[in-house]
Every structure is written in structure tokens, then in C-alpha cells.
Amino acid sequence: MGYGGVKAWLDGLGLSRYAPVFEIHEVDDEVLPLLTLEDLKDMGIGAVGSRRKLYAAIQKLQRSDSVS
């Protein structure tokens with residue numbers, strides 16, 4: 001997926017405004033499934049709703065990775 005894939009993933013969630021944050025913090029497809037709520041907060045994603053949406057989507061990625 002790479003960084004472009006992370007951007008597309010964010011677009012799909014309707015959260016593309018956070019793409020620059022993920023790029024600044026060098027979050028790529030390898031790091032993305034490892035992020036925690038605390039990581040998202042540390043990255044400056046302050047809105048609780050957005051942070052929860054992101055984390056729920058990350059958990060889905062973790063579950064799909066464990067199946068593969």
C-alpha cells in the first residue's frame with residue numbers, strides 16, 4: 001500500500017484532511033496497523049470522533065492482517 005495507499009485509505013474514510021499528519025509522522029502501510037489510540041493522540045488528532053473512527057478502521061486492518 002505504501003504512503004499513497006494510506007492516503008487512499010484516509011480518503012475512503014472521509015478523513016483525507018489527516019493525510020499530511022500521517023505523512024509527517026511517516027505512517028505507511030507497515031506502521032498503520034500498529035497505531036494505537038495514544039499514537040493517534042500523539043500525532044495531534046485531537047477530535048475524539050475522528051480519532052475513534054480512525055482507530056476502529058485500524059482495528060479492522062489488524063483483523064484482516066491476522067487472517068491473511
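This report describes confidence, the nonpolar core and two loop residues in a predicted model.

Residues are numbered from 1 along each chain as its sequence is written. In this predicted model, local features need pLDDT of at least 70 and side-chain atom pairs count only at pLDDT 80 or more, while totals for chains, interfaces and linings use all residues; side-chain values use heavy atoms, with hydrogens and water left out.

The protein has a mean pLDDT (the predictor's confidence in each residue, from 0 to 100) of 91, and 91% of its residues reach 70 or more. Among its elements, helix 1 (residues 2-13) has the lowest mean pLDDT, 88, and helix 3 (residues 37-42) the highest, 97. Helices are DSSP runs (H or I, at least four residues), numbered from the N terminus.

The largest nonpolar core (buried Ala, Val, Leu, Ile, Met, Phe, Trp, Tyr and Cys residues joined through side-chain atoms within 4.5 Å) has 19 residues. Buried means under 20% relative accessible area, exposed over 50%, and partly exposed in between (1.4 Å probe, protein chains only). Trp-9, Leu-10, Phe-22, Leu-32, Leu-35, Leu-40 and Leu-54 touch the most other members of this core. Helix 1, helix 2 and helix 4 (48-67) each give two or more residues to the core, and helix 4 gives the most, with 5 residues. Beyond its neighbours within four places in sequence, Leu-54 has contacts (heavy atoms within 4.5 Å) that include Trp-9, Phe-22 and Ile-45.

Two glutamates lie in the loop between helix 2 and helix 3.

| Residue | Relative accessibility | Class |
|---|---|---|
| Glu-26 | 65% | exposed |
| Glu-30 | 63% | exposed |

Phi of Glu-26 is near 55°, a positive value in a residue other than glycine. Most residues other than glycine have a negative phi. Glu-30 is 24 residues from Val-6 in sequence, with their C-alpha atoms 9.9 Å apart.
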